[in-house]
Amino acid sequence: MKLEEVIMARKRAARMLKEAHIAIAHREAENIEISDFGLGDLDNVGLLVVTYENNDRYCAKEIVLLPRQICPEHRHPPVGEKNAGKQETFRCRWGEVFLYVPGESTPHPHARIPDKYREFFTIGREIVLRPGDQYTLPPDTLHWFQAGDKGAILSEFSSKSLDENDIWTDARLRRLPKIE
């Protein structure tokens with residue numbers, strides 16, 4: 001990603017947070033993590049993340065999703081002998097999120113996956129999250145999600161985040177992009 005793209009995406013995320021009445025500090029706005037997963041297609045596939053805290057016991061984040069933006073299918077595997085993988089709770093704060101987990105596929109899901117990525121989405125049990133709704137994923141659970149038409153904001157509460165260890169169904173993906 002080019003630095004200019006990152007700066008513009010940070011500004012967009014900060015505007016969405018403000019619109020949702022979620023206050024963040026100035027330094028947090030300047031450090032919003034932007035990930036296009038190395039695909040160069042941030043409007044369709046990516047994440048904009050404010051990390052409040054990530055320590056050995058817990059992690060707290062805001063995940064900003066652009067309209068119809070997808071966080072690709074992945075899981076948080078065990079890391080070492082004492083870490084079973086990240087357990088996470090998503091709480092919808094603004095907008096609408098379509099979360100997909102293992103189980104019987106939903107017959108008429110809300111998600112719209114661009115054709116060029118379709119092969120990398122293998123699970124289809126849909127859980128719709130609207131403001132105030134939340135869902136907890138056990139460690140090492142395959143999942144993915146997409147924002148609705150106006151975008152969305154999720155609060156994530158989890159055990160320690162070790163996102164660099166995530167396993168993606170699309171092996172090309174990189175959680176932390178290279179910024180030019």
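This passage describes the internal cavities, the nonpolar cores and the largest pocket of a predicted model.

The whole structure was searched for enclosed space. Three cavities of 30 Å³ or more were found. The largest cavity has a volume of about 110 Å³. Its lining comprises 17 residues. Leu 47, His 74, His 76, Lys 86 and Glu 156 lie nearest the centre of this cavity. Five strands each give two or more residues to the lining: β2 (47-54), β3 (59-65), β4 (70-75), β5 (88-101) and β8 (143-158). The largest share comes from β8, with three residues. The lining is mixed in class. Seven residues are nonpolar, seven are charged and three are polar.

The second largest cavity holds about 60 Å³ of space. His 76 and Lys 86 line this cavity and also lie among the residues nearest the centre of the largest one. The rest of the lining of the second largest cavity is made by Pro 77, Val 79, Asn 83, Gly 85, Lys 160, Leu 162, Asn 165 and Asp 166. By class, four of its lining residues are polar, three are nonpolar and three are charged.

Nonpolar packing was examined next. In soluble globular proteins, nonpolar side chains tend to be buried together. The largest nonpolar core in the model contains 31 residues. Within this core, Leu 47, Phe 90, Leu 129, Trp 144, Phe 145 and Leu 154 touch the most other members. At least two core residues come from each of β2, β3, β4, β5, β6 (125-129) and β8. Strand β5 supplies the largest share, seven residues. Leu 47 thus belongs to the core and is also one of the residues nearest the centre of the largest cavity.

Trp 144 has contacts well beyond its sequence neighbours. Leaving aside residues up to four places away in sequence, Trp 144 touches Ile 70, Cys 71, Pro 72 and Glu 73. Its other partners are Phe 98, Leu 99, Tyr 100, Ala 111, Ile 113, Phe 121 and Ile 123. A second, separate core has 17 residues, including Ile 34, Leu 48, Val 64 and Trp 94.

The largest pocket contains about 150 Å³ of space. Trp 144 is part of its lining. Tyr 100, Ala 111, Ile 113, Phe 121 and Ile 123 line the pocket and are also contacts of Trp 144. Ser 105, Thr 106, Pro 109, Arg 118 and Gly 124 complete the lining. Seven of the pocket residues are nonpolar, three are polar and one is charged.

Note on methods
Residues are numbered from 1 along each chain as its sequence is written. This is a predicted model: local features need pLDDT of at least 70, side-chain atom pairs count only at pLDDT 80 or more; totals for chains, interfaces and linings use all residues. Side-chain values use heavy atoms; hydrogens and water are left out. On a 1 Å grid over the protein atoms alone, a cavity is a set of points where a 1.4 Å probe fits but cannot get out, and a pocket is an open set with protein on both sides within 12 Å along at least five of seven lines; lining residues have an atom within 4 Å of a point. Grid points are joined across faces, edges and corners, and a volume is the space filled by probe spheres set on the points. Helices (H or I, at least four residues) and strands (E, at least two) are DSSP runs, numbered from the N terminus. Ala, Val, Leu, Ile, Met, Phe, Trp, Tyr, Cys and Pro count as nonpolar, Asp, Glu, Lys and Arg as charged, and the others, Gly among them, as polar. A nonpolar core is a set of buried Ala, Val, Leu, Ile, Met, Phe, Trp, Tyr and Cys residues joined through side-chain atoms within 4.5 Å. Buried means under 20% relative accessible area, exposed over 50%, partly exposed in between (1.4 Å probe, protein chains only). Contact means heavy atoms within 4.5 Å.
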